[in-house]
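Okay, everyone, thanks for coming. Let me put the structure up, and then I'll talk you through a few pieces of it.

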Amino acid sequence: MHKPNLDEAAELSLKVISLSRPSSFSGKVEDAHHKHEELGAHVRIIAASHFLPFSISVSEETPEEPYQWKVTRRSGHTAMYAGIRSLSDNPNTGCTHVGWIGNYKDVKGEEHSCDSLSHESRTNIYKELEKHGAVPVFVDEETAHGHYEGYSKQILWPLLHYMSWNDSHPMNPAWWASYNKVNQIFAAAIGSIYTEGDIVWIHDYHLLLLPEMFGALHPKATIGLFLHSPFPSSELFRSLPARKEILYGMLGATSIGFQTYSYARHFLSSCTRVLGLESTPTGIDNQGNMVAIGVFPIGIDARHVQERRSLPAVQAKMKNLREMFANKRIIIGRDRLDEVAGIKQKLEAFELFLEKYPEWQNNVVLIQVTQPGQSRQPRLEAKISELVTSINSNYGSLEFMPVMYHHTFLNTDEYMALLNIADLCLITVIRDGMNTGSLEYVVCQQDKHSPLLLSEFTGTAGSVSGAIQINPWDYEGVAQAIDTALRMSPEEKKVRYEQMYRHVMNHDAQYWASTVIQDLRATVLAGRSSSETPSLDIPLFVKCFKSSTRRMIMLDYDGTLTPITNIPAQALPPPEMLEALSTLCADPDNFVCVISGRDRAFLELHLGNIKGLALSGEHGSFIRYPDSEWINLLAEMDMSWKDEVMSIFEFYTERTAGATIEAKETSITWHFRNADPEYGEFQAKECMNHLENSVVSKRPVEILVGKKCLEVRPISVNKGEIVKRLMGANPKQWDFVVCAGDDKTDEDMFRSLRAIKRNVADPNAEKDSHAGPMSVGTGADWSATSMRLPPYYFTITVGPSDKRSAAAWHVSSSHNVVEALAMLAAIDKNAKTDAE
């Protein structure tokens, strides 16, 4: 299989993004291809992980302070460290690794906290690690313990592995404070070396608050987050007290990577259910910032494993093991002593295997090696010891024990020897991020081609197709799979092995790291290449208002003047907004109109007391000019379709918990904001199909898809028609026009104004007030050019800059709209004071 180089990987990343990202991510991705050299340009990666891949010990030459230091490689997390290290070997990337250094060892080999080290000794640590491309983070012992041994290991790790946090350890409030503090320390450490253009790549659950913290300090930074552990279903994750803080912390990243699609899906679901954010399979709209979501299965440093397995020391240990277990079939397992490792399930299944297949008794040995887990679990240790004793008592003898159980750290040579000589590898974890041990086993089996029995609950299961997948809870199925694997023909072994070997060699840690970084760079580049709507230029906005004499101001209500709420009746006008509208309406040079989807009663109740304010309700069905009565623009229209629509909406309301119906005079709306997010979306699609087939195809109505709602209204009704009515037959009379809105219904206003603007600039231009969004562009292409001379048109969408819109400008939230109106009101108020 051909393994792409980095240029090919960059090209592939752009193609994948252009195919998989929704329009809000990709924009004009084809333009990014013309900037392909930007992906090939050199960039520095700042990788952040809890531990540095190095340990430090005092040099024998300096037994007293200030110390000089020796640096050695830290064991564990070999796949992650190998991937990060490979970035420095790439001509297009450099890499600096930031992490906690942990304790140091003195000349006697005893460990000590770094708290008591002198400034000179710490400086020497910096200098020594700088040679290795690393920057140390120093954390005091108490905070480090609360962060790592406390919150990370006792709360987050169990939860992410499907163990409810309160079942694993009682919550200590100090742990959460330590977790926050360590993430802040990391943010400061990275900030001390960060320069614009660097990519910050954050790893795993120890630093989940860091993306948001660092992004707050450096808003334009490109931040990647990769979660090496699983991510649980939203039903379990939402039990975490700090669930919102963790999710928002993660969403501070530009892109978040997961090991498998199921983990990514669970994260998306949590963001939707816990935070109420909009999501797609490839990203999340975090209050206007689009966060990309990707799946990147990690690999191992396959070539290093190949070299290590052939060393003479490994070969010698292999010889000893063969002599020890002569004429025996060897099954190996190596796990941490945790509940999620499935050791108990493995032993139960192995005992059943010996019972059901007696011909294998005295012919098979299970060598099970465990090492300390995240925390001591005495009950689990006792149960495993009990099972080992039971199996050896029932099926062993003085000469032979069918289970060789070792609770100890294996050195690398012993581990490689076991992987080389095994006749079967049995992995029964009940939840795991990737399980890179299975990949190391594949590399070591180049001579024997022995089978791999792999739990379907590992992240690796979806990638290693040649493995025999098992359900650890199905003891009988596991026992049968062991028998099948041990009897497998050499031909089948070879076919299965070659499938696994090709995957492991072509998707190693280096490939993983380069793919993640290239995807992150391509995502950022695609975003730059899109037709983004610029942020509202406040100084220009104010300047144009001051220089104008006849002003038209048209405003949506929900999501524009007030934030969207789960209960529509709670979207009440804030005092500062009412004050700004009152001031603007008091100026005879201003004409202000609120154009809303709300009914007349709501608008009259909350805004009717503002003297001089015009109102339009139900998306243009009704209008009330200042100091006048309401006018029904659809008085002569047939409304008999409402009964049919109401019956359909009632049908889906009864079957969708949380859904409600809002009946207006000229339209009917079905709200599902308070329904289950995923089921609500599903029901909305079903309801829309029903309406299209039963009503829309026969009646002069249309379906409007809003934010968590469906609205059926007469086909001739939209806010764009009201805009044209308000602008009048002589739109040139207005030299300053503002129109603000946040959803699809407001795009009709923006398109109408763009057509009017064109006609004012060129009366001979073709009038196309019904042009679609593609025919008028996205708005970004005329925001600046339209402001050179009056009339000044400010069409403003509320939402992210990369939202597809015909508006010329954008603001992030309704709060920004109210602030802008307050500025205009202040100008009017000052002008009135000066005149007096």
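**Contacts, a sheet and some helices**

So, of the contacts in the protein chain with a separation of 6 or more, 73% are between residues 24 or more positions apart. Keep in mind that this is a predicted model. The protein chain has 836 residues, and 56% of them are buried. As for surface, the chain exposes about 35800 Å², with 51% of that coming from carbon and sulfur atoms. DSSP-wise, we've got 30 helices and 31 strands.

Okay, on to the sheet. There's an open one with 8 strands, in the order E24-E23-E22-E21-E20-E29-E30-E31, and the pairing is mixed. What stands at the edges? Strand E24 (630-632) and strand E31 (809-811) do, and each has a single partner strand, so one side of each has no neighbour in the sheet. On average, neighbouring strands here are turned by 20 degrees against each other, if you ignore direction.

Let's zoom in on one pair. E21, residues 590-595, runs parallel to E22, residues 613-617, and 4 bridges join them. Look for Val594: it sits opposite Leu615 in E22.

Now the helices on that sheet. H24, residues 575-585, packs on it and touches E20, E21 and E22, with its direction at about 140 degrees to that of E21. Then there's H23, residues 538-547, lying across E20, E21, E29, E30 and E31, and it runs at about 140 degrees to E30.

Last stop, helix H5, residues 78-88. How many of its 11 residues are buried? The count is 8, so to speak mostly covered. Among them are Met80, Tyr81, Ile84 and Leu87.

Conventions: Residues numbered from 1 in each chain as written. Predicted model: local features only at pLDDT ≥ 70, side-chain atom pairs only at ≥ 80, totals over all residues. Heavy atoms only, no water. Buried < 20%, exposed > 50% of the residue type's maximum accessible area, 1.4 Å probe, protein only. Helix = DSSP H or I, 4+ residues; strand = E, 2+ residues; numbered from the N terminus. Pairing = 2+ DSSP bridges. Axes fitted to C-alpha atoms, helices over the stretch in contact; angles between N-to-C directions. Contact = heavy atoms within 4.5 Å. Areas by Shrake-Rupley, 256 points an atom, 1.4 Å probe, with all protein chains shown as cover.
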